[in-house]
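Thanks for sharing this one. Here are a few notes to read with the model open beside you.

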Amino acid sequence: MKYFQFLVLSILLFSCGEEIVDNVVPDDKEDVVETLEQKITHHIEATLQIPATEKYTYETFSEHINGDDSLDLVITVNLLERAVNKAIAGDRLAKRAETGFSGRYNYFFIMDGASKEITEAFPVPSSAKAKIKVQFENIRTEAYKDILLDYRVDNACFRRYFTMYNSIPKETFEIMLFDGLGDIENHAIVTEYVQGSYSLAKDILIYSGELEKVKFDDPSKVYDYEPEIKKTNILERRWFYNDNQRKYFTKK
């Protein structure tokens with residue numbers, strides 16, 4: 001009888017153990033699908049090492065920037081809070097505020113529309129108080145667009161040009177659009193794109209411009225203000241694209 005009771009108890013314990021194991025087996029069919037927004041934010045936060053407590057902003061701009069049929073994304077990221085916190089930690093808040101917290105606080109990424117792969121982060125050293133502005137132009141080819149990034153440094157604005165090579169943005173040109181916004185002395189230019197004189201890529205013509213006269217009671221407003229620039233008939237420079245160097249050059 002004791003042997004029988006021991007056998008029954010062993011069977012019950014074995015059965016209970018099997019039931020517990022069965023309850024913790026994961027269901028492989030319940031895969032979590034990541035949305036496009038989640039993919040972008042996870043990539044940004046991991047690449048730029050942004051903790052959950054840090055605020056940041058990002059924007060996306062869609063266009064055909066390579067040779068396939070899929071819309072690609074340019075993703076810009078602004079880390080103003082990080083810039084301010086670093087200035088406070090270094091006891092340089094007032095000094096850093098004078099230039100709009102300049103540094104490596106603006107970045108951009110490229111997402112390939114076909115593969116949904118996102119590039120590494122490309123820094124655009126500039127004033128963190130101003131976000132990068134993105135435009136697209138057919139410059140190197142009519143088949144797809146080049147990327148134009150405008151950024152601010154204090155009361156000046158610059159533009160960097162990028163074209164895609166092997167899924168990586170390659171900088172081809174940089175120019176200052178204006179300087180001295182809000183000052184008595186200033187300088188500005190206007191760009192035009194015409195048929196290429198050295199390659200199939202368009203030439204970039206630089207004309208002298210007249211910058212709008214404006215005064216800011218609040219110095220921080222300079223970073224959001226879009227001034228009017230009037231084109232003159234004075235051609236300052238013609239830039240042409242060199243395919244071998246993959247950059248723009250000009251004659252002296």
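What volume does the largest pocket have? Let me take that up in the first point, and please keep in mind throughout that this is a predicted model.

1. **The largest pocket.** Its volume comes to about 230 Å³. There are 13 residues lining the largest pocket, and those closest to its centre are Asp150, Arg159, Leu177, Phe178 and Ile229. If you would like to find the spot on screen, those five names are a handy selection to start from.

2. **What the lining is made of.** Sorted by class, the lining of the largest pocket holds 7 nonpolar, 2 polar and 4 charged residues. Strands β7, β9 (156-165), β10 (168-179) and β11 (187-194) each contribute at least two residues to this lining. The largest share is that of β11, with 3 residues.

3. **The second largest pocket.** Here the volume is about 190 Å³. Its lining consists of 16 residues, and nearest the centre lie Ala130, Lys131, Lys133, Tyr223 and Asp224. By class, 8 of the lining residues are charged, 7 are nonpolar and 1 is polar. Strand β8 gives the most to the lining of this second pocket, namely 3 residues.

4. **The sheet.** Several of the strands named above belong to an open sheet of 8 strands, in the order β7-β8-β9-β10-β11-β12-β13-β14, and the pairing is antiparallel. Why do β7 and β14 each have one side without a neighbour in the sheet? β7 (133-137) and β14 (247-250) stand at the edges and have a single partner strand each, so one side of each strand is left without a neighbour there. From one strand to the next, the twist averages 35°.

5. **The β7 edge in detail.** The β7 strand runs antiparallel to β8 (residues 146-153), and 5 bridges join the two. For a look at this pairing at the residue level, try Gln135, which stands opposite Leu148 in β8.

6. **A threonine in a helix.** Away from the sheet topic, Thr41 is found in helix α2, which covers residues 36-47. Is Thr41 buried or exposed? With a relative accessibility of 15%, Thr41 counts as buried, because the cut-off for buried is under 20%. Setting aside neighbours within four places in sequence, Thr41 is in contact with Tyr56 and Tyr58. Showing Thr41 together with Tyr56 and Tyr58 makes a good view of these contacts.

Note on methods. Residues are numbered from 1 along each chain as its sequence is written. This is a predicted model: local features need pLDDT of at least 70, side-chain atom pairs count only at pLDDT 80 or more; totals for chains, interfaces and linings use all residues. Side-chain values use heavy atoms; hydrogens and water are left out. Helices (H or I, at least four residues) and strands (E, at least two) are DSSP runs, numbered from the N terminus. Buried means under 20% relative accessible area, exposed over 50%, partly exposed in between (1.4 Å probe, protein chains only). Contact means heavy atoms within 4.5 Å. Two strands pair if DSSP finds at least two bridges between them. Axes are lines fitted to C-alpha atoms, for helices over the stretch in contact, and angles run from 0 to 180 degrees between N-to-C directions. On a 1 Å grid over the protein atoms alone, a cavity is a set of points where a 1.4 Å probe fits but cannot get out, and a pocket is an open set with protein on both sides within 12 Å along at least five of seven lines; lining residues have an atom within 4 Å of a point. Grid points are joined across faces, edges and corners, and a volume is the space filled by probe spheres set on the points. Ala, Val, Leu, Ile, Met, Phe, Trp, Tyr, Cys and Pro count as nonpolar, Asp, Glu, Lys and Arg as charged, and the others, Gly among them, as polar.
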